[in-house]
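Please open the model in the viewer and keep the selection panel at hand. The tour proceeds from one helix pair to another and then to the core.

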Amino acid sequence: MMTETIISICLGIGLAASVGFRVFLPLFALSLASYFDVWELNSSWLWIGSLTAVVTFGVATLIEILAYYIPLVDNLLDTIAIPLATIAGTAVMVSTVADLNPVVTWALAIIAGGGTAAAIKSTAGASRVTSTVSTAGFGNPLISTVETGASLIISIFSIFLPLIAFVLVIFVLFVIFKLYKKIKHSNL
């Protein structure tokens, strides 16, 4: 594989992981990166870099971030965000991967992009439900802030340092796996 292809895969996986924390923030970041010619997208996904897409994703990002600070709305958003994150994770992956056969690109996008986004969003949703139950929702703004920060940091690293973003994603997935094992073990 060429270096550009590996870097584009790392970018896609990094943004897909970011989508697991906030659906629109990584799309907004990718849109800005394309608009300012920081990152070149596949030819059929060039619309993401249009001014219309930048504004649309920017507004959607702002609304999503603010909505996660409203009690009960945050939990409602999590119920619809898991399928949206899976679709968005697949989309960012397929839009960034370069120089691969379309079948390989889509398989990679669905498995690595959609799968990563779904795993992280499911875990984030479960942590919010746990917070709602254990703190009567008072801990949810802290969780929302951490999720937004994680999405922003991983998105920035994905665009400017994709290999480091990939390592961050592996670390996040490892932590999720360890937490899952710990919770599963404590329930037995």
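**First stop: H5 and H6**

In this predicted model, select H5 and H6, which are roughly antiparallel to each other because their axes cross at roughly 160°, an angle over 145 degrees. These two axes come within 9 Å, and the crossing of H5 and H6 is right-handed. To display the contact, choose Ala124, Ser127, Arg128, Ser131 and Thr132 on H5, together with Asn140, Ile143, Ser144 and Glu147 on H6. Coloured by class, this contact shows 2 nonpolar, 5 polar and 2 charged residues.

**Second stop: H2 and H6**

Keep H6 and add H2; the axes of H2 and H6 come within 9 Å and cross at roughly 30°. H2 is therefore roughly parallel to H6, and the crossing is right-handed here. On H2, select Leu25, Pro26, Ala29, Leu30 and Ala33; on H6, select Thr148, Ser151, Leu152, Ser155 and Ile159. The contact of H2 with H6 comprises 7 nonpolar residues, 3 polar ones and no charged ones.

**Third stop: Leu30 and the core**

Now centre the view on Leu30. Which residues beyond its neighbours within four places in sequence is Leu30 in contact with? They are Leu15, Trp39, Leu41, Ile48, Val92, Ser95, Thr96 and Ile159. Leu30 and Met93 have the most contacts inside the largest nonpolar core, a set of 37 residues. Helices H1, H2, H3, H4, H5, H6 and H7 each give two or more residues to this core. To finish, select H1 (3–21), the source of the largest share of the core, 8 residues.

How values were computed. Residues numbered from 1 in each chain as written. Predicted model: local features only at pLDDT ≥ 70, side-chain atom pairs only at ≥ 80, totals over all residues. Heavy atoms only, no water. Core = buried A, V, L, I, M, F, W, Y, C linked by side-chain atoms within 4.5 Å. Buried < 20%, exposed > 50% of the residue type's maximum accessible area, 1.4 Å probe, protein only. Helix = DSSP H or I, 4+ residues; strand = E, 2+ residues; numbered from the N terminus. Contact = heavy atoms within 4.5 Å. Axes fitted to C-alpha atoms, helices over the stretch in contact; angles between N-to-C directions. Parallel < 35°, antiparallel > 145°, perpendicular 65-115°, else oblique. Left-handed = near helix turned anticlockwise from the far one by under 90°. Nonpolar A, V, L, I, M, F, W, Y, C, P; charged D, E, K, R; others polar.
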